[in-house]
Amino acid sequence: MPGYAVDRFAPVAAVFERGLAGDHEVGASLCVVVDGETVVDLWGGFADAARTRPWRPETIVNVYSCTKTMTALTALLLADRGQLDLAAPVSRYWPEFAAGGKGEVTVAHLMSHSSGLSGWAEPITVDDLYDWTKATGLLAAQTPFWAPGTACGYHVLTQGYLVGEVVRRVDGRTVGTVFRQEIAEPLGADFHIGLPAGDDARVAEMIPPRTAGTPFAEPTPLQLNASTNPVIEVAVTGGRAWRGAEIPAANGTGNARAMATVLSVLADGGGGLLSEAGCRRALEVQVEGRDLILGLPLRFGLGFAVGSAMMPNPNTLYWGGLGGSLVLVDLDARTTFAYAPNRMADTLTDVRGLELAMAMWEAMALI
């Protein structure tokens with residue numbers, strides 16, 4: 001198993017190695033940064049289902065919804081610079097968005113999955129996801145599915161277009177471009193919202209779940225809309241069209257090291273990119289309760305879920321991706337955790353990343 005873990009975190013490395021040796025993992029990367037120091041940087045296994053391509057330090061993978069955390073950080077950066085008021089109506093920056101009774105919907109509603117736009121009301125196709133103007137235009141014209149601000153309902157794909165369009169209206173550049181030029185490149189982080197074709201050979205193959213079917217036993221109309229409009233087959237995410245597009249809620253490509261490098265900015269009080277106050281804004285809970293899409297009790301801050309009973313410190317930001325990826329930013333312990341596998345989980349209750357995080361917290365004597 002290549003990479004390293006400082007002695008204190010050897011138990012974390014042991015859990016990671018056991019995962020690669022078992023049948024629930026094919027390839028993965030793991031990184032932990034504490035107080036600005038990388039204490040765990042591991043990778044191993046294979047980048048393809050046939051197990052012919054070793055997972056290398058430069059291997060990257062689609063991390064699905066962990067992309068949302070990169071998009072959120074981009075918006076937080078603009079807010080910290082005074083370019084964007086997160087409490088302002090979206091229509092201040094995107095006038096067309098006021099249609100459908102959305103004149104009072106704020107940027108914070110978009111970032112906390114509480115705008116009522118958890119999916120598209122009009123039927124769309126995967127190809128429509130590559131058409132930024134169409135995807136955002138439909139959302140601008142749409143009436144919310146529920147009263148904005150009254151509940152959270154996970155914006156599976158739409159959040160990236162919504163926040164991304166606000167970023168574009170404010171800055172003039174696409175969200176992927178702002179992220180690359182203002183965050184990823186200054187930090188030397190190998191994460192991409194819109195992957196150049198020249199990097200395709202480094203991308204690990206996503207391996208579908210071994211059990212097929214919808215994640216919801218008896219889906220509500222909202223859940224059905226969010227999970228089937230459009231239906232995205234795993235194979236689609238391996239194509240050039242998906243990789244090259246900007247789908248800022250779902251098609252980010254990177255590895256654990258890249259995600260930990262970027263998000264450690266929040267754990268370290270800004271890392272020279274944001275002010276400490278700008279970082280802590282992410283912790284401001286906007287809405288909490290049982291999510292209308294995921295069916296789980298959640299507390300959403302500005303771009304991240306905030307804290308949970310299983311986490312040792314309350315000021316912890318987190319989110320995961322459909323493929324099994326997971327990121328945690330513990331602002332109290334100044335610690336960032338990131339995990340990125342290529343075998344997709346069989347259920348929504350994937351615990352691979354959480355087991356690694358628990359080992360990390362134990363090593364830090366936080367639990």
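The following paragraphs describe the overall fold of a predicted model and then the surroundings of one residue, Asn229.

The protein chain contains 11 helices and 11 strands. Its C-alpha trace extends over about 55 × 40 × 40 Å along the principal axes. The radius of gyration is 19 Å, which agrees with the value near 21 Å that a compact globule of 367 residues would have. Of these 367 residues, 56% are buried. Contacts that link distant parts of the sequence are frequent: where the two residues lie at least 6 apart in sequence, 69% of the contacts join residues at least 24 apart.

At the surface, the protein chain exposes an accessible area of about 13800 Å², and carbon and sulfur atoms account for 54% of this area. The chain carries 26 positive and 39 negative charges, and the mean positions of the two sets are 2 Å apart.

Within this fold, Asn229 is located in the loop that runs between helix H7 (221-228) and helix H8 (240-244). Is this loop residue buried or exposed? Asn229 counts as buried because its relative accessibility is 12%, under the 20% limit.

The contacts of Asn229 show what surrounds this residue. Apart from neighbours within four places in sequence, Asn229 is in contact with Leu224 and with Trp120, Glu122, Pro123 and Ile124. Trp120 is 109 residues away from Asn229 along the chain, yet their C-alpha atoms are separated by 7.1 Å. With Ile124 there is a polar contact: the side chain of Asn229 reaches the backbone nitrogen of Ile124 at 2.8 Å.

Methods: Residues numbered from 1 in each chain as written. Predicted model: local features only at pLDDT ≥ 70, side-chain atom pairs only at ≥ 80, totals over all residues. Heavy atoms only, no water. Helix = DSSP H or I, 4+ residues; strand = E, 2+ residues; numbered from the N terminus. Rg over C-alpha atoms; globule rule 2.2 N^0.38 Å. Buried < 20%, exposed > 50% of the residue type's maximum accessible area, 1.4 Å probe, protein only. Contact = heavy atoms within 4.5 Å. Areas by Shrake-Rupley, 256 points an atom, 1.4 Å probe, with all protein chains shown as cover. Lys, Arg positive; Asp, Glu negative; His and termini not counted. Charge placed at Lys NZ, Arg CZ, Asp CG, Glu CD. Polar contact = N/O pair within 3.5 Å; in protein donor to acceptor, adjacent residues only side chain to side chain.
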